[in-house]
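Subject: Structure handover

Hi,

Here is the structure I promised to pass on to you. Please open it next to this email, and I will walk through what turned up.

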Amino acid sequence: MPPSADDTTRAGIYCRLSYAPDGSLEKVERQEADCRQQAARLGWPVDDDHVYSDNSRSAWQRTRKRPQWDRMLADIEAGDINAIIVYHGDRLVRQPWDLELLLKLADTRHLRLASVSGVRDLMSEDDRFVLRIEAAQACRASADTSRRVKRGWRARAEAGKPVGGGKRPFGWGIPTDRIGRTGRPIYDITKAVPGEHAILREAVERLMAGQSQGGVLAWMNTVSTTSQGKKWSGQALKHLLKSPRLAGLIDVAGQLYEAQWPAVVTPEEWEDLKLLLKEKEDSIPYYGRERRYLLSGIAECCSCGGFMRTKPSGGRNRKTSRLYYCWDLTCTGRVARNVEHLDTYVTLRALRRLSEPDLMEGVVTQDPRVAAEIVALERRRAELKAAFSKLADHPDIDPMVLAEQLTRVNGRITEARARRTSNERERLLLRMQGMTREQWDETPIDVRSSTVRALFRVIILPATWRGPGFDPDSVQLIPVTA
């Protein structure tokens, strides 16, 4: 027979479902209905404001977020409720630290706990003992499940099969005419989508050729959407380009496996791409806007050294013309120059320099074999880590020997990466060398701007004459030598 409730009992209902990818509330609603029946049997009143439902929320991971759990604890602390009803104890806690947090609150509040299976008094030492055992059992069950899932992931990765679920990755996934349990179509993500694969390949080539991330992002949004039909964001694009999937690899706990699906780039090219993205992150920690003018942020004012911007020329007969100008109001010798005329002059000088035979003299070139060396070392490191994880199954393996080998491999990778430090200027100049005017005009403007920056410092001097035409003596192009 259930204990009688006193007049001050104020109960809350807590419901949780670990996995609901389609956002379904059906199961948590069933939990709530059963809990309300238990509340009626106990005579514990439940206010609608004190129903806490965490849908598709895990209680296992330490980093998990349970907003309704946090709200319930705050209401207990505030004295709004002094009893909790759950469908089962493992819906409430699956980790001992969550139970201890609840017990700490119970030390200051006479908190009662009820489920369909019975009632616990959190102030009772006997009930606390039982709850700690149940929490430990739930924790062990979650750990066992986690271990089995991770082992299953590794087995799939070793066979080159996709690991986990989630959204269809851009570039892969042919419809199978089957529907999953979430009601969404199932795709075979070991098959490439030809059009999307070609777009990814061009995005990589544009980046490696010197186009900015902002420019590639803008181009991607003109030719495609994400696999979910949304506009590309800088973060989404970078995440995709840094994914091992791009190189036909699967990453499980830091270990890489060869996948069944076709790659967009080779592992060596992927290493280069990651280095390039890292360099861009360090130098420009934001994506910025797509470039519109050749020398914006490149041409320098001779007086203050600041980079120049553009603005309309103004005037009745100059509605479409623009000026590069020094925007620093404190500059004592502010200069300006017609955008069209300056761009044409700098372009012709750049094309002349690109056609000169000594262009690449003094430019540090790199050994292309280093990227292959890094890939081989990464694979060796993955093998050593896998051997570490199997020590229990192979007691004849000396862990100290493995540790020494792993340390040596890590050192060699660090040294190889230092030798492989990506040289964007070298790659850009090799691509642009010998380019014609027609090819230059067809090249994206941010690549052309990067080429000018790699060749010259552009210093704008005061004009020596007034009137129409362009004065070459008002521009100083200082060659970049390193």
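A residue counts as exposed when its relative accessible area is over 50%, and as buried when that value is under 20%. With that cut-off, aspartate 177 is classed as exposed because its relative accessibility is 77%. Please keep in mind that this is a predicted model. Aspartate 177 sits in strand β6, which covers residues 172–179. The backbone is worth a look there too: the phi angle of aspartate 177 is near 65 degrees, a positive value in a residue that is not glycine.

Now the overall picture.

The protein chain holds 15 helices and 15 strands. Its length is 482 residues, and 40% of them count as buried. Taking the contacts in the chain with a separation of 6 or more, 63% are between residues 24 or more positions apart. The accessible surface adds up to about 26,900 Å², with carbon and sulfur atoms contributing 52% of that.

Next come the helix pairs, starting with α6 and α7.

Helix α6 spans residues 194–208 and helix α7 spans residues 213–223; their axes are 10 Å apart, at an angle of about 160 degrees. An angle over 145 degrees counts as roughly antiparallel, so that is how α6 and α7 run relative to each other. The crossing of α6 past α7 is right-handed. On the α6 side, the contact involves Ile199, Glu202, Ala203, Arg206 and Leu207, and these meet Gln213, Val216, Trp219, Met220 and Val223 of α7. Sorted by class, this contact contains seven nonpolar residues, one polar residue and two charged ones.

Helix α7 also packs against helix α8 (residues 234–241), where the axes come within 10 Å and cross at roughly 100 degrees. The two helices, α7 and α8, are therefore roughly perpendicular. Here α7 supplies Gln213, Val216, Leu217 and Met220, while α8 supplies Gly234, Leu237 and Lys238. The class count for the contact of α7 with α8 is four nonpolar, two polar and one charged. If you compare the residue lists, you will find Gln213, Val216 and Met220 of α7 in the contact with α6 and again in the contact with α8.

Further along the chain, helix α10 (residues 339–354) crosses helix α15 (residues 445–455) at roughly 70 degrees, and their axes come within 10 Å. This pair, α10 and α15, is therefore roughly perpendicular. The crossing of α10 past α15 is left-handed. From α10, the residues in contact are Val346, Ala350, Arg353 and Leu354; from α15, they are Thr451, Val452 and Leu455. By class, the contact of α10 with α15 is made of five nonpolar residues, one polar residue and one charged residue.

How many of the 11 residues of α15 are buried? The number is eight, and the helix is mostly covered. The buried residues of α15 include Thr451, Val452 and Leu455, along with Asp446 and Arg448.

Finally, a few individual residues you may want to select in your viewer.

Isoleucine 76 belongs to helix α2, residues 67–78. Its relative accessible area is 0%, so isoleucine 76 is buried. Outside its neighbours within four places in sequence, isoleucine 76 touches Ile81, Ile84, Leu102, Leu105, Arg109 and Leu111. Threonine 108 is 32 residues away from isoleucine 76 in sequence, yet the C-alpha to C-alpha distance is 9.8 Å.

One of those partners, leucine 105, is found in helix α4. Leucine 105 is buried as well, because its relative accessibility is 10%. Again leaving out neighbours within four places in sequence, leucine 105 is in contact with Leu73, Ile76 and Glu77. For leucine 105 and glutamate 77, 28 residues apart along the chain, the C-alpha atoms are separated by 6.8 Å.

Glutamine 95 lies in the loop that links α3 (89–92) to α4 (96–106). Is this glutamine 95 buried or exposed? Its relative accessible area is 5%, so glutamine 95 is buried. Alanine 136 is 41 residues from glutamine 95 in sequence, and the two C-alpha atoms are 7.2 Å apart.

Happy browsing, and best wishes

Technical notes. Residues are numbered from 1 along each chain as its sequence is written. This is a predicted model: local features need pLDDT of at least 70, side-chain atom pairs count only at pLDDT 80 or more; totals for chains, interfaces and linings use all residues. Side-chain values use heavy atoms; hydrogens and water are left out. Axes are lines fitted to C-alpha atoms, for helices over the stretch in contact, and angles run from 0 to 180 degrees between N-to-C directions. Helices (H or I, at least four residues) and strands (E, at least two) are DSSP runs, numbered from the N terminus. Angles under 35 degrees count as roughly parallel, over 145 as roughly antiparallel, 65 to 115 as roughly perpendicular and the rest as oblique. A crossing is left-handed if the near helix is turned anticlockwise from the far one by less than a right angle, and right-handed if clockwise. Contact means heavy atoms within 4.5 Å. Ala, Val, Leu, Ile, Met, Phe, Trp, Tyr, Cys and Pro count as nonpolar, Asp, Glu, Lys and Arg as charged, and the others, Gly among them, as polar. Buried means under 20% relative accessible area, exposed over 50%, partly exposed in between (1.4 Å probe, protein chains only). Accessible areas come from the Shrake-Rupley method with a 1.4 Å probe; for residues, only the protein chains shown count as cover.
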